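User: I am new to this structure and would like to learn how to read its features. Could the explanation proceed one topic at a time?

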Amino acid sequence: MNYTFDIGWFFGGIAIAVAGALVVIFYKQIADGLANGVSSYDHVKLFGVIAIVVGLLITANLHTFILSGIVSLFFKR
């Protein structure tokens, strides 16, 4: 597999990770405004943490490696 670092994906991953961090920081306001309030605080924080992890994977350009591994499980060459 040819692995090349892409600076565009790097900055995109940083933006996604920062957005996830902002969701984790302001989870109460987001849950009160967009979700059902107190009952969804944990869900909003979970989505923020997932966004941070996905953003870090994209920042390191590992998303293509993971996706190609998943695709190769279903379509063997």
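Analyst: The following dialogue treats the fold, the aromatic pairs, a salt bridge, one threonine and one loop. This is a predicted model, in which local features need pLDDT of at least 70 and side-chain atom pairs count only at pLDDT 80 or more, while totals for chains, interfaces and linings use all residues. Residues are numbered from 1 along each chain as its sequence is written, and side-chain values use heavy atoms, with hydrogens and water left out.

User: How many helices and strands does the protein chain have?

Analyst: Helices (H or I, at least four residues) and strands (E, at least two) are DSSP runs, numbered from the N terminus. The protein chain has four helices and zero strands, so the order of its elements from the N terminus is α-α-α-α.

User: What is the radius of gyration of the protein chain?

Analyst: The radius of gyration is taken over C-alpha atoms, and the globule rule is 2.2 Å times the number of residues to the power 0.38. The protein chain has 16 Å, whereas a compact globule of 77 residues would have a value near 11 Å. Along the principal axes, the C-alpha trace spans about 50 × 30 × 15 Å.

User: What share of the residues is buried, and how are contacts spread along the sequence?

Analyst: Buried means under 20% relative accessible area, exposed over 50%, and partly exposed in between (1.4 Å probe, protein chains only). Buried residues make up 19% of the 77 residues in the protein chain. Contact means heavy atoms within 4.5 Å. Among contacts between residues at least 6 apart in sequence, 67% join residues at least 24 apart.

User: How many aromatic pairs does a search of the whole structure find?

Analyst: Rings of Phe, Tyr and Trp (its six-membered ring) pair if their centres lie within 6.5 Å; planes under 30 degrees apart count as stacked, over 60 as edge-to-face and the rest as tilted. The search of the whole structure finds two such pairs. One joins Phe-10 and Phe-11, whose ring centres are 5.3 Å apart and whose planes meet at 70°, so this pair is edge-to-face. Phe-10 is partly exposed at 26% relative accessible area, and Phe-11 is exposed at 52%.

Tyr-27 and Tyr-41 also form an edge-to-face pair, with 5.6 Å centre to centre and 85° between the planes. Tyr-27 lies in helix H2 (residues 27-34) and Tyr-41 in helix H3 (residues 41-59), so the pair ties together parts that are 14 residues apart in sequence.

User: Are Tyr-27 and Tyr-41 buried or exposed?

Analyst: Tyr-27 is buried, with a relative accessible area of 19%, and Tyr-41 counts as buried at 17%. Gln-29, also placed in helix H2, counts as exposed at 53%. The C-alpha atoms of Gln-29 and Tyr-41 are separated by 9.3 Å, with their positions 12 residues apart along the chain.

User: Which residue lies over the face of Tyr-27, and with which residue does Lys-45 form a salt bridge?

Analyst: A charge sits over a ring if NZ of Lys or CZ of Arg is within 6 Å of the ring centre and within 35 degrees of the ring normal. Lys-45 lies over the face of Tyr-27, at 4.7 Å from the ring centre. A salt bridge is a side-chain nitrogen of Lys or Arg within 4 Å of a carboxyl oxygen of Asp or Glu. The whole structure yields one salt bridge: Lys-45 pairs with Asp-42, the closest N and O atoms being 4.0 Å apart. Both residues lie in helix H3, three residues apart, about one turn of the helix. Lys-45 is partly exposed at 29%, and Asp-42 is exposed at 58%.

User: What does Thr-59 touch?

Analyst: Thr-59 belongs to helix H3 and is buried, with a relative accessible area of 12%. Not counting residues up to four places away in sequence, Thr-59 touches Phe-5, Trp-9, Phe-10, Gly-13 and Ile-14. A polar contact is a pair of N or O atoms within 3.5 Å; within protein, one must be able to donate a hydrogen and the other to accept it, and residues adjacent in sequence count only if both atoms are side-chain atoms. The side chain of Thr-59 reaches the backbone oxygen of Gly-55 at 2.7 Å, and a polar atom of that side chain lies 3.5 Å from the backbone oxygen of Gly-13.

User: Where is Asn-61 found, and what is its phi?

Analyst: Most residues other than glycine have a negative phi. Asn-61, although not a glycine, has a positive phi of about 60°. Asn-61 is found in the loop between H3 and helix H4 (63-74) and counts as buried at 2% relative accessibility. Ala-60 lies in the loop between H3 and H4 and counts as partly exposed at 33%. Ala-60 and Gly-13 are 47 residues apart in sequence and 8.0 Å apart in space, C-alpha to C-alpha.
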